[in-house]
Amino acid sequence: MKKFVNEVENILTESLTGFGKAHSDIIDVRLSPDFVFRKNKSQNDKVALISGGGSGHEPLHGGFVGYGMLDAACPGQVFSAPTPDQMEAAANEVHKNKGILFIVKNYSGDIMNFEMGADMIEHENQTIIVNDDVAVEDSTFTTGRRGVAGTMIVEKTVGSLAETGASLEDCKIFGDHVNKMTASMGVAFTSCTVPAAGKPTFELSNDEMEFGVGIHGEPGRRREKIKSANQLTDEILETILEDLKPDNNQEVLLHVNGFGGTPLMELYLLFECGQKLLEKKNIKVSRSLVGNYTTSLEMAGGSFTVTKLDADIAKHWDSAVHTPALRWKM
Amino acid sequence: MNGDQIFNSINNIQISIKNHKDEIEKLDQEIGDGDHIFNILRGLDEILNLKEELMDKPIDHIFKQLGMKIMTTVGGSSGALFATLLMGMSKKYNSDLNALHNLSEMFFEGVQSMKKRGKADVGEKTMLDVLIPVSKSLIELQNETDFEKVANNINNVAKDGMLSTKDIIATKGRASFLGERAKGHIDPGARSSQLAIEAICNQFINK
């Protein structure tokens with residue numbers, strides 16, 4: 001394993017501490033229990049947004065704490081859900097008299113730990129469960145679809161709405177709506193190495209890829225020979241559009257997300273493939289985001305996320321945001 | 001039941017899990033994401049550190065504190081579920097009952113709490129495929145006086161439950177995202193749970 005590391009068991013603490021120092025103008029980091037929170041708290045009452053999940057997906061979620069997005073984020077061990085006392089401590093730190101809205105990716109561990117955290121706090125609270133990954137079959141009696149790169153789109157848009165002073169109920173409804181309008185799917189070219197394990201989670205030979213992969217280096221829909229970017233784009237977007245069923249001339253946000261080990265050059269190439277294909281299908285890409293936002297340590301590969309835009313989603317996507325990983329208009 | 005026995009059991013669980021570390025890690029990498037073994041080992045370390053502090057405390061207090069410690073240090077599904085198990089067990093402690101009767105009632109309650117927390121049941125390729133049958137068998141055996149017989153019996157139930165996860169298509173937990181592809185693989189949570197139960201049972205066998 002070649003990683004920047006001193007002691008494996010200190011990776012998280014050292015990384016979090018560095019993160020706090022590097023962005024000390026906007027965020028603060030509290031340790032034991034660990035959470036990241038906004039430094040300059042809003043003067044007005046607002047719904048407090050708290051997300052969290054396993055580490056290894058940076059900048060998700062800590063990188064999205066700040067004006068216009070999250071109020072706090074709770075990082076767990078690498079790829080492991082955070083513990084309920086982290087959510088409790090974060091909620092007590094950032095609540096602003098209008099309740100707490102938890103944004104949780106749909107994994108059993110995250111759901112259970114956030115539920116236990118919610119049981120421990122006295123503030124009114126609601127939870128949005130993000131499940132944008134169309135690589136996984138959805139069904140009412142299974143865990144269902146995973147939450148992946150679409151999560152940050154929910155965090156951005158609901159964060160913007162919360163900033164206007166909207167109620168907990170309205171934020172929850174809007175978040176569920178954005179989640180429903182969003183679909184993602186990805187491909188991995190390599191595995192990734194969880195530091196504590198010291199070796200890759202799975203093996204892929206040089207000419208193989210994992211199609212429909214998740215964000216933990218866990219296996220996907222199927223393993224197959226690599227294909228051209230256009231062919232991959234075709235297969236992924238076909239699956240996404242089947243799920244979203246966009247109207248003719250539908251405006252969308254197209255997000256190409258890198259998993260951590262793929263250069264931006266390739267991600268922009270993928271964006272070009274996606275944009276062209278959507279244009280051919282009379283779908284208008286009016287908003288875009290390309291980069292490593294929801295990563296899987298050093299895994300090579302990437303995902304497409306499409307969000308169908310209506311006036312509200314577009315407005316709350318465009319609004320000002322100032323976080324370590326996402327910043328515009330301020 | 002006393003503090004010494006409880007911590008002795010945890011110690012034996014740790015030895016067994018450590019002996020099977022690579023196997024559990026591999027199972028998890030095949031159908032999960034490889035974090036299970038590290039979470040379990042961290043949790044065992046953390047609760048063994050409480051030995052001095054809790055050893056002489058009342059049994060229900062020990063179970064509750066063990067649960068709290070796991071809840072705040074482990075994370076992931078296993079942290080939430082094992083914490084729920086231990087805290088659930090602490091609620092049913094009744095010093096009027098003999099040890100086996102008491103343990104069976106406590107364990108049944110703990111496993112019921114886990115079912116609720118995980119919204120899962122037998123047949124979904126999780127640790128509950130081991131723990132639910134074990135909890136039911138313990139209730140059936142609670143008046144038995146031959147502890148070795150009980151231990152052998154429970155060992156077999158746990159093993160059958162663990163092996164049953166091999167052919168299940170998961171509907172809950174991380175493996176559910178794999179659909180058919182997880183078939184043929186034993187669930188890592190079921191394996192670690194079975195090993196833990198075996199480590200406890202073996203204390204009563206050949207003595």
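Begin by selecting the strands of the open sheet in chain A that has 6 strands in the order 1-2-4-3-5-6, with mixed pairing; helices (H or I, at least four residues) and strands (E, at least two) are DSSP runs, numbered from the N terminus, and two strands pair if DSSP finds at least two bridges between them. The edges are held by strand 1 (27-30) and strand 6 (125-130) of chain A, each with a single partner strand, so one side of each is left without a neighbour in the sheet. Neighbouring strands of this sheet are turned by 20° against each other on average, direction ignored.

The model is predicted: local features need pLDDT of at least 70 and side-chain atom pairs count only at pLDDT 80 or more, while totals for chains, interfaces and linings use all residues. Residues are numbered from 1 along each chain as its sequence is written, and chains are lettered from A and ligands numbered from 1 in the order in which they are written.

Next, select residues 46-55 (strand 3) and 97-105 (strand 5) of chain A, which pair in the parallel sense over 5 bridges. Here Ile50(A) stands opposite Phe102(A) of strand 5. Add helix 5 (residues 168-180) of chain A, which packs on the sheet and touches strand 3, strand 5 and strand 6; contact requires C-beta atoms, placed from the backbone, within 7 Å. The direction of helix 5 makes about 5° with that of strand 6 of chain A; axes are lines fitted to C-alpha atoms, for helices over the stretch in contact, and angles run from 0 to 180 degrees between N-to-C directions.

Then turn to the open sheet of 6 strands ordered 9-8-7-12-10-11 in chain A, also with mixed pairing. Strand 9 (222-225) and strand 11 (284-291) of chain A are its edge strands, each pairing on one side only.

Conventions: Two residues are in contact if their C-beta atoms, placed from the backbone, lie within 7 Å.
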